[in-house]
Amino acid sequence: MDVIDLRSDTITKPTGEMRRAMAEAEVGDDVFGEDPSINRLQERAAELMGKEAGLLTASGTMGNLVAVLTHTQRGDEIVMGDQAHIFWNESAGVSALAGAQSRLVPNGFQGKIDPVELKAAIRPPGNIHFPPTSLVCLENTHNRCSGGVLTPQDTKEIADIAHAAGAKVHLDGARIFNAAVSLEVPASELAKDVDDVSFCLSKALSCPVGSVLCGSREFIDDALRWRKMVGGGMRQAGILAAAGLVALDSMVDRLADDHANAQRLAQGLANIQGLDVDPESIQTNIVIFDVDHELGPSANLIAALDRQGVKVSSPGPYSIRMVTHRHITGADVDEALGRVSTAVKELR
Ligand SMILES: *Cc1c(COP(=O)(O)O)cnc(C)c1O
């Protein structure tokens, strides 16, 4: 039985074209700024994000951390959604390494942040009891909010409030191209009102390694030193950048297929008794759904699915997450739905 792996789009492997580009990549020492492939990737990424400059990082986690280190000082407060990847999944780097405190506001439907909640969370200046709010972090698409998308208007509304209070705005755009494809707008529209944006090459875009942080020339010049400090000066990493350039040229438009498959998956799951998902709320490639308590904790269904050869992940005790990606076809989705049905019956 073939395993159907829906744990994450990070499992996607580099294409043949990427491997050829990697083998032939022109390289140099990037710590001297002399890797032509990295320089080309950074310029191309900046152009796509509508920013002045870009910086290759080893991972999305490193991109987020470097952005926070660049924008904040020890003792500052960062406002972000209570489901933010930076808060949940980055080993508390912003507190341990940047020395910043995280202030959480609720992530609503599809990951949106209520402007009123944000305003209330920003500290008024001039009170020595309060840490200064120097940064607001947004996430698009929103990982723990089922791949929910922020529109350019959503982003502008939040950014305007932050900027009026003297705070910067960092966009964790790990899957920003999924948002762009879903909304049919250029990624630059989604990054227009934020100070910087980090996106991943290593998720649905199928690269083996890498993220790019983009912002103003001045921001990237500062970020370069922080990236060096956290060990991100990678020398002849043009071998990785070469795959990134292929990804930006050829892997973005096909994300629509992943979204169509996620929609097909959500519609099928909605028809299985005991599973709770609203297909209309699914905008990109992540499907998070609830399991009825009568079936027990989601760990039971996950174990049953594992026996059926379907791998998934669990964002909570009664929820399951499935992610579509380049290695999942429409036929795989149909096969997975059949196996989910079988696994649910086993639990009854
Ligand atoms: C995956 C992810 C990251 C981190 O990327 P890594 O390359 O795995 O470190 C950051 N933010 C979001 C929203 C993500 O989904």
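**Figure 1. Packing of helix H10 in the predicted model.** The buried residues of H10 pack against two helices, H2 (36-49) and H3, and against the strands E2 (53-57), E7 (196-200) and E8 (211-215). Those buried residues are Phe219, Ile220, Ala223, Trp226 and Arg227. Helix H10 itself covers residues 217-229, and its 13 residues reach 19 Å from the first C-alpha to the last, close to the 18 Å expected at 1.5 Å a residue. Gly231, which follows H10, has a positive phi near 85°.

**Figure 2. Surroundings of Phe219 in helix H10.** Phe219 has a relative accessible area of 7% and therefore counts as buried, the cut-off being under 20%. When neighbours within four places in sequence are left aside, the contacts of Phe219 are Ala67, Thr70, His71, Asp196 and Leu213. Ala299 lies 80 residues from Phe219 in sequence, and the C-alpha atoms of Phe219 and Ala299 are 44 Å apart in space.

**Figure 3. The residue shell around the ligand.** The ligand is surrounded by 13 residues, of which Gly60, Thr61, Asp172, Arg175 and Lys203 come nearest. By class, the shell comprises 2 nonpolar, 6 polar and 5 charged residues. Helix H3 (residues 60-71) supplies the largest share of this shell, with 3 residues.

**Figure 4. Polar atom pairs between side chains and the ligand.** An oxygen atom of the ligand lies 2.6 Å from a polar side-chain atom of Thr61. For Asn143, an N or O atom of the side chain is 2.9 Å from an oxygen atom of the ligand. In the case of Asp172, the partner is a nitrogen atom of the ligand, 2.6 Å from an N or O atom of the side chain. The ligand taken alone exposes 380 Å², and the protein buries 85% of that area.

**Figure 5. Helix H12 and the elements packed against it.** Helix H12 consists of 16 residues (255-270). At 1.5 Å a residue H12 should span 22 Å, so the 23 Å between its end C-alpha atoms agrees with expectation. Buried positions in H12 are Leu255, Asp258, His259, Asn261, Ala262, Leu265, Ala266, Gly268 and Leu269. Packed against these buried residues are helices H8 (176-183) and H14 (330-347), together with strands E9 (275-276), E10 (286-291) and E13 (319-323).

How values were computed
Residues numbered from 1 in each chain as written. Predicted model: local features only at pLDDT ≥ 70, side-chain atom pairs only at ≥ 80, totals over all residues. Heavy atoms only, no water. Near = heavy atom within 4 Å. Polar contact = N/O pair within 3.5 Å; in protein donor to acceptor, adjacent residues only side chain to side chain. Areas by Shrake-Rupley, 256 points an atom, 1.4 Å probe, with all protein chains shown as cover. Helix = DSSP H or I, 4+ residues; strand = E, 2+ residues; numbered from the N terminus. Nonpolar A, V, L, I, M, F, W, Y, C, P; charged D, E, K, R; others polar. Expected span 1.5 Å × (residues − 1). Buried < 20%, exposed > 50% of the residue type's maximum accessible area, 1.4 Å probe, protein only. Contact = heavy atoms within 4.5 Å.
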